[in-house]
Amino acid sequence: MSSSRVGLRLAACLLNISEARRKYIVENIAKAALLDKNGKKHPQVSVLNIFSDQDYNRSVITIAVSVDKLVDKCNQA
């Protein structure tokens, strides 16, 4: 991370999904979180972690985004 990014404020989201046995579904949901409606990658969105428990067929995807980016999107809506 460059020094200009120090102090970047982040928001985190935990997506709880009732699927873990079909890995491709979980991966596609994680990939979709990274893309805008035109299919381009959001530059300030990251998938931090994917945890899947096959016994309970549940997954949790952790996503982080810049708070400033969220504010910009809310103001555009």
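This short presentation considers three residues of one model: Lys40, Asn57 and Ser66.

The model is predicted, so local features require pLDDT of at least 70 and side-chain atom pairs count only at pLDDT 80 or more, while totals for chains, interfaces and linings use all residues. Residues are numbered from 1 along each chain as its sequence is written, and side-chain values use heavy atoms, with hydrogens and water left out.

I begin with Ser66. Its place is in strand E3, residues 58-66; helices (H or I, at least four residues) and strands (E, at least two) are DSSP runs, numbered from the N terminus. Is Ser66 buried or exposed? At 2% relative accessibility, Ser66 is buried, where buried means under 20% relative accessible area, exposed over 50%, and partly exposed in between, with a 1.4 Å probe and protein chains only. Not counting residues up to four places away in sequence, Ser66 touches Leu8, Arg9, Leu10 and Gln44; contact means heavy atoms within 4.5 Å. With Gln44 there is also a side-chain to side-chain polar contact at 3.3 Å. Such a contact is a pair of N or O atoms within 3.5 Å; within protein, one must be able to donate a hydrogen and the other to accept it, and residues adjacent in sequence count only if both atoms are side-chain atoms.

I turn next to the loops. Asn57 lies between E2 and E3 and counts as buried, at 16% relative accessibility. Its phi is near 55 degrees, a positive value in a residue other than glycine.

Lys40 lies in the loop between helix H1 (23-33) and strand E2 (45-53). Lys40 is exposed, with a relative accessible area of 58%. Leaving aside neighbours within four places in sequence, Lys40 contacts Leu34 and Leu35.
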